[in-house]
Amino acid sequence: MSIADRSYDEKRDFIRMNITTNVRFMIGNNPAIHSGITRKHSASGLLFETDTELLIGQKLDVTVAGTTAQFEPLQALVQVQRVDPLGPATNLVACEIKEMR
């Protein structure tokens, strides 16, 4: 599919895929492990829900579980680009992939 054939929402370099799976992450060099649920993936970013409070600009080491046993977990260094509150203890976090591990 060419970019011209896509709807407005998908006129970007990398198509977003709606994938719901577990994500675990560490903030910077802190060894504490946090968790969340992914909502969307693309070749350049990740969108997930978490109850962890995060700040724009923070770097996270993330591990996204494979959707089946035949797929290895995705491991990457990401940077938080946006944090949207979804409720009293839930945030929607948009991250840019900086480096694949």
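Ser42 lies in the loop between β3 (34–41) and β4. In this predicted model, Ser42 counts as buried, because its relative accessibility is 16% and the cut-off for burial is under 20%. Its side chain reaches the backbone nitrogen of Ser44, at 3.1 Å. The loop belongs to a hairpin: β3 and β4 have three residues between them. The two strands pair in the antiparallel sense over five bridges. Within this pairing, His41 stands opposite Leu46 in β4.

Strand β3 also pairs with β2. The β2–β3 pairing is antiparallel and rests on four bridges. Here Asn22 stands opposite Ile37 in β3. The hairpin of β2 and β3 has six residues between the strands. Gly28 in this hairpin takes a positive phi, near 55 degrees.

A further set of pairings involves β5, β6 and β7. Strand β5 covers residues 59–64 and strand β6 covers residues 74–87. They pair in the antiparallel sense, over six bridges. Val62 stands opposite Ala76 in β6. Strand β6 is also joined to β7 (residues 90–100), by ten bridges. This pairing too is antiparallel. Asp84 stands opposite Leu92 in β7. The connection from β6 to β7 is a hairpin through two residues.

The loop between β5 and β6 contains Gly66. Gly66 counts as partly exposed, because its relative accessibility is 29%. Beyond residues up to four places away in sequence, Gly66 touches Thr21, Phe71, Glu72 and Pro73. Gly66 and Val23 are 43 residues apart along the chain. Their C-alpha atoms are separated by 9.6 Å.

The interior was examined next. In soluble globular proteins, nonpolar side chains tend to be buried together. The largest nonpolar core in this model has 15 residues. Those with the most contacts inside it are Phe25, Phe48, Leu54, Leu60, Val62, Val78 and Cys95. Five strands each supply at least two residues of this core: β2 (22–27), β4 (45–50), β5, β6 and β7.

Two of these core residues illustrate the packing. Leu54 is placed in the loop between β4 and β5. Leu54 is buried, because its relative accessible area is 6%, against a cut-off of under 20%. With neighbours within four places in sequence left aside, Leu54 is in contact with Phe25, Ile27, Phe48, Leu60, Val80, Val83 and Val93. Leu54 and Leu92 are 38 residues apart in sequence, and their C-alpha atoms are 9.8 Å apart in space. Val78 is the second example. Under the same exclusion of sequence neighbours, Val78 is in contact with Gln58, Lys59, Leu60, Val62, Cys95, Glu96, Ile97 and Lys98. Leu60 is thus listed among the contacts of Leu54 and among those of Val78.

Charged pairs were then considered. Side chains of opposite charge can pair when their charged atoms come close. The count comes to five salt bridges. One of them joins the side chains of Asp61 and Arg101, with an N to O distance of 3.0 Å. This pair links distant parts of the chain, 40 residues apart. Asp61 is in strand β5, and Arg101 is in the segment after β7. Asp61 counts as partly exposed, at 25% relative accessibility. Arg101 counts as exposed, because its relative accessibility is 52% and the exposed class begins over 50%. Asp61 and Arg101 also belong to a network of salt bridges that includes Glu99.

Asp84, the residue opposite Leu92, forms a salt bridge with Arg82. The N to O distance is 2.8 Å. Both partners are partly exposed: Asp84 has 29% relative accessibility, and Arg82 has a relative accessible area of 40%. Glu96 and Lys98 meet in another salt bridge, at 3.3 Å from N to O. Glu96 counts as partly exposed at 33% relative accessibility, and Lys98 counts as partly exposed at 42%. Glu96 and Lys98 are both among the contacts of Val78.

Methods. Residues numbered from 1 in each chain as written. Predicted model: local features only at pLDDT ≥ 70, side-chain atom pairs only at ≥ 80, totals over all residues. Heavy atoms only, no water. Pairing = 2+ DSSP bridges. Buried < 20%, exposed > 50% of the residue type's maximum accessible area, 1.4 Å probe, protein only. Contact = heavy atoms within 4.5 Å. Core = buried A, V, L, I, M, F, W, Y, C linked by side-chain atoms within 4.5 Å. Polar contact = N/O pair within 3.5 Å; in protein donor to acceptor, adjacent residues only side chain to side chain. Salt bridge = Lys/Arg side-chain N within 4 Å of Asp/Glu carboxyl O.
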